[in-house]
Structures are given as structure tokens and as C-alpha cells.
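Fancy a few warm-up exercises in reading a model? Grab a coffee, open the viewer and try each task before you peek at the solution.

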Amino acid sequence: MLEALSLWISNHVSADAAMWFDYFTNGKHLAWYASVRFTLIAAFGGAALAVLFGLAGASARRSGFAPFRWLGWGYTTMVRGIPDVLIILFFPLAFEQGVEWLMAQQACSAAELASGVWPPCDGAQWYLSTTEYLIMACVSLGLVYGAFAANVVYGAMDAVPASQLEAAKAYGFTKRQIFMRFQVRQMWIYALPGLSNVWMLLLKATAFLSLLQIADIVLWAERLGAPNYFARAGMLHPDWRWRYYLVLFLFYILMTVLSEYFFKFLEKRASRGMRLNQGEATA
Amino acid sequence: MSEILPSFPNSAFVQDIVILAKPALFNIYFAFASIPFGFPFAVVLALMKNSSSGLVSRIARVYIYAFRGSPLFIQFFMFYSLMLAFNLSHWKPMGIDHIVMHPLFIGPLVLVLNTSAYAAEILYGALRAVPHLELEAAKAIGMNRLQTFRSVVWPNMIRLAWPAYTNEVIFLFHATAIVYFTLPVINDEKDLMNKAGELFEKDYNVFLHFSVAALYFLVISLMIFFVAGLIQKRLNRHKVPTDRQSLSYKPTFLR
């Protein structure tokens, strides 16, 4: 199909246009376009987990049980004091080693375990593929930005009018019901602006996927842009990396524009039937 | 290492703290070389964005949007490869060779471009929040624009923007962790992430090395909060203290 299209372009437009068409649809470029899926999966998966961790963190911070409060506070403060890239690198490595340690307990002999080398034996090697790395990238993005989301959600829960909660209490709802049916349900409108901000941060952090050995858009951009002086490998060109990075630069800006529109729409939807003063919906 | 620390001959933790002290200086350097340029640039950008001239305002808006809307990671790659493509490695400002392509130069350069966009947005918000009555009062007593800026706009803007700007400095400091993921490492000029990674590759002890690196980031962040808190107190010294302003660790989560 691509060849037919290329032929059509060379017949009806120009040979030059067909050459560029061929260049932009060669296997490497198609792989580049396809690798956008990793970025999107990591962004959406990470965001879903971030909301989950955010809710858990915020609930823990207002729990009646003090150790949960400390846990929630520790989680949000620790993550905020450490660079995101450190956690995104650390979590998959730590998780892999944890699993390998468990595998070693099963697979290796006592002598091998005591030898002090890692991994103790071949049976305790966990070979990770892109899928596993991608899942772990989602979890680490969720962990990092979940702490950010927890802070937003925590603030938003406070913004729910106290009179509503009191009314719920007067009607005889239990504590748990008040929390789940009133506080969590109503806080979204106050949390949305903050969550939109967290989403933007998370989206930008998806550029780190190449650090986890995932062949994402950044890695492909580097491969495609690298100078090619070998005619059999395709079009000869000098160092074009900056052009490919420029495309990524614009790609992320486009994603930001789209996200802004989406969140505006969400805010409009979430605030229907509510009368909010200008700027009140900021958590 | 045991000669240096005879009392902790076997403590790998203490050894790591010693080994990572020098790399930490690189992170501190990247952050603090960027602030003296990034802050004035951010002020200029904020004023440009607030300008009544449509073109000037639009230029600042586009700049701020572009740099806030794309990952710093990509910006690093883009600027480094741009400079490579334009052969800037052969450029010798003031006859000094090998400076333009040096990570210690490009690192702060890109960080300045990035942080100034974020800081400009903060300062712009503060600029819009300068009390209107004070501006009117300045006009009423016949101050010109420069006088108004110096005695009304500037002090208010800085005071209002300071907490958010502190937060931005923390983000900037954390962003220094990715400098050496994108730029070449020359000799043993490694930052915390780099060195922690190198130590990790030797003994695969991920918990120890990355925790110590994280500890450095955490402690330096706390120190930045402390100093910024002192400045915050000084900026608000004319205010009647309603309740004691604490210098505790209160990170803001928005950038």
C-alpha cells in the first residue's frame, strides 16, 4: 500500500516528494511512529495509578489512625523532596532485585547464597522485557505523581463545604459513608485544576522511558537523527538529531495544548449545577 | 577510605556519603549557576508578558508556553544536538577553547532557558496580583512609570511570588539530576545520579547508593527551604505577624 502511494506521488507530484515520502515511511520511521504507544500507555497508566495512590495517600493523611497519618505524610513529603527521575530509575531496579532475591531463595543453594555475588545463581536471573519495564514505569510514575496528587486531593477534601458533611451526619450517615459519598464525590471539582497540573508534570516525565530501556519516541529520535554515511542504510544525511528532537519538542507542546482543552472541558462538566466564584476552584 | 574514617571502617553508608559529596557539588553548581541568570531573565519575560504591546506580549507568551509545555529532558537533547549541528564546538569566545560544548556550560544554559519560563509564569501571576489601590496611589502622587515600578510593583511582586519561586528553585535543583543523562560526562565530573549509577554497577546495591543520593537531594532541598524561609521573613518584615511563620518543610506541589 505504501509502495503504491509512493508510486502515485512520484507520477502525479514529483520524484522528490516520493523520495521524502519513502524516507518518512521507511521501517525505522514507522517504528518511531508506533513507539508513541509506549509514551501514551505510560502516561495514561501512570495517571490512573497516580489518582489511585493520590486518593490512598490523601485518605491516609486524614485517617484517624496515627501510623496511617505518618505514612501518608512520609510518602508525600519524601517523594516531593527527591527528584522524580531518581524514583523512576530506583523503583524498577529495586523491584527487580526484590523479585530476584525471592527467586534466589528458591533456586540457589545455600553456598551460592552465601557467596556474596549478585545474582547468586542463574536461576535467580529475572530477564525483563519491554512489557515489564513499561508496567514498572507506570507504577513508578504513579508513585511519584501520586504523591503530588495526594497533596491536591488532600487540599480539595478540605474545600468541600463543611455544612454538607454536617448535613450528612445529621441524616445519620456513618463516618465511612460521609467520607466516600460526600467528601470524595464532591472534592473533584476543587481538585481538577491541581490534578491538571499534576497530569502535565506526568506527561513531561514520560520522556524518561528511554532510561528504562524502552524503545520510546526519544530513543527512536536519536537513532533516526544520527548521521548516516552508509548508502545501503537509507538516505545519506549528516547529524539530523536536532530536527527529530524539535519534532518531539513540538509533540509535547501539542499534547499540552490538547490536555488543556480536555481539562477545561472536564472542569466545565464537573462544575455544572455549581455556582463557583472566579478562581474558587483552585486547590 | 578507612584512613579517612577510622571510626566507621566498614560502614558502606558513611563511605557512600563521602564518595557522593563531590558529585553533590555538581548538582549544586548547576542549580546555582542558573539562578543568577534565570531570575533576571524571568523578570524580563514576566514584564514582557504583561506588556501592552501585543507583539512583545505574544513573544513572551509563546516562549513561556513552549518551555513549560515540553520536557526539560527533550530540551537538553535538542539544544545539545543543535549546538553540535551548528558546529559550535569550534567557536572560541574570548579565545577560550572547549567551553561552549562543555556540560558545565550547556547544563546551566538550558536550565536557565527552562527555569526562566517557569519563574516568569510565577512572577507574571504576582505582577497581576499587585494591589490596585497602591498603583492608583502611586499615580495620584505623580510617580512616573519607573518610580512606580521601583517602589510599588517590584516589592509587591517579589513578596507575592517568593513562596512559589522557592518551590521553583527546588524543582530546578531536582531537574539538575537529568543533566548528565543527556550531556557527555567528561573525566570524573559526575553528578549524584551518575555517581550513584556507577556505584550501583559495581555491586548492584541499589538500595544503598540511590538512598544516599536521595538523601543528598532531600537535605539540600531542606536547606534551600530554610534559607528561602529566612528571606521570606525579611520580605514580610513590615507585616504585623498574625501567627508565627514557621520555617518548616512545606513543599508546594505545583510547578
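What follows is a set of exercises on this predicted model, each with a worked solution.

**Exercise 1. Work out what chain A is built from, and how its radius of gyration sits against that of a compact globule.**

Step 1: start with the secondary structure. Chain A has 12 helices and zero strands, so its pattern along the sequence is just α-α-α-α-α-α-α-α-α-α-α-α.

Step 2: look at the dimensions. The C-alpha trace of chain A spans about 80 × 65 × 30 Å along its principal axes.

Step 3: bring in the globule rule. For 283 residues, a compact globule would come out near 19 Å, but the radius of gyration of chain A is 25 Å.

**Exercise 2. Describe the burial, contacts, surface and charges of chain A.**

Step 1: burial. Of the 283 residues in chain A, 43% count as buried.

Step 2: contacts. Take those in chain A with a separation of 6 or more: 70% of them link residues 24 or more positions apart.

Step 3: surface. Chain A exposes about 15,300 Å², and carbon and sulfur atoms supply 64% of that area.

Step 4: charges. You'll find 21 positive and 17 negative side chains in chain A, with the centres of the two sets 15 Å apart.

**Exercise 3. Is helix α4 of chain B largely enclosed or open, and what covers its buried residues?**

Step 1: find the helix. α4 of chain B runs over residues 72-85, which makes 14 residues. From first C-alpha to last it reaches 20 Å, close to the 20 Å expected at 1.5 Å a residue.

Step 2: check the burial. A residue counts as buried when its relative accessible area is under 20%. In α4(B), 11 of the 14 residues pass that test, so the helix is largely enclosed by the rest of the structure. Among them are B:F73, B:F76, B:F77 and B:F79, along with B:Q75 and B:S81.

Step 3: ask what does the covering. From chain B, the cover includes α3 (54-68), α5 (103-128), α7 (145-175) and α8 (179-182). Chain A pitches in too, with α11 (217-225) and α12 (241-270).

Step 4: step off the end. Just after α4(B) comes B:N87, with a positive phi of about 55°.

**Exercise 4. Place B:T115 and B:V44, and decide whether each is buried or partly exposed.**

Step 1: B:T115 is in helix α5 of chain B. Its relative accessible area is 5%, so B:T115 is buried.

Step 2: find the contacts of B:T115. Skip its neighbours within four places in sequence, and B:T115 touches B:G38, B:E168 and B:L172.

Step 3: B:V44 is in helix α2 of chain B, residues 21-49. With a relative accessible area of 44%, B:V44 is partly exposed.

Step 4: look across from B:V44. B:Y124 is 80 residues away along the chain, yet the two C-alpha atoms are separated by 10.0 Å.

**Exercise 5. Where do A:Q213 and B:N187 sit, and are they buried or exposed?**

Step 1: A:Q213 is not a glycine, but its phi is positive, near 60°. A:Q213 lies in the loop between α10 (175-205) and α11 of chain A, and at 59% relative accessible area it is exposed.

Step 2: B:N187 isn't a glycine either, and its positive phi is about 55°. B:N187 is in the loop between α8 and α9 (192-203) of chain B, and its 68% relative accessibility makes it exposed.

Key
Residues numbered from 1 in each chain as written. Chains lettered and ligands numbered in written order. Heavy atoms only, no water. Helix = DSSP H or I, 4+ residues; strand = E, 2+ residues; numbered from the N terminus. Rg over C-alpha atoms; globule rule 2.2 N^0.38 Å. Buried < 20%, exposed > 50% of the residue type's maximum accessible area, 1.4 Å probe, protein only. Contact = heavy atoms within 4.5 Å. Areas by Shrake-Rupley, 256 points an atom, 1.4 Å probe, with all protein chains shown as cover. Lys, Arg positive; Asp, Glu negative; His and termini not counted. Charge placed at Lys NZ, Arg CZ, Asp CG, Glu CD. Expected span 1.5 Å × (residues − 1).
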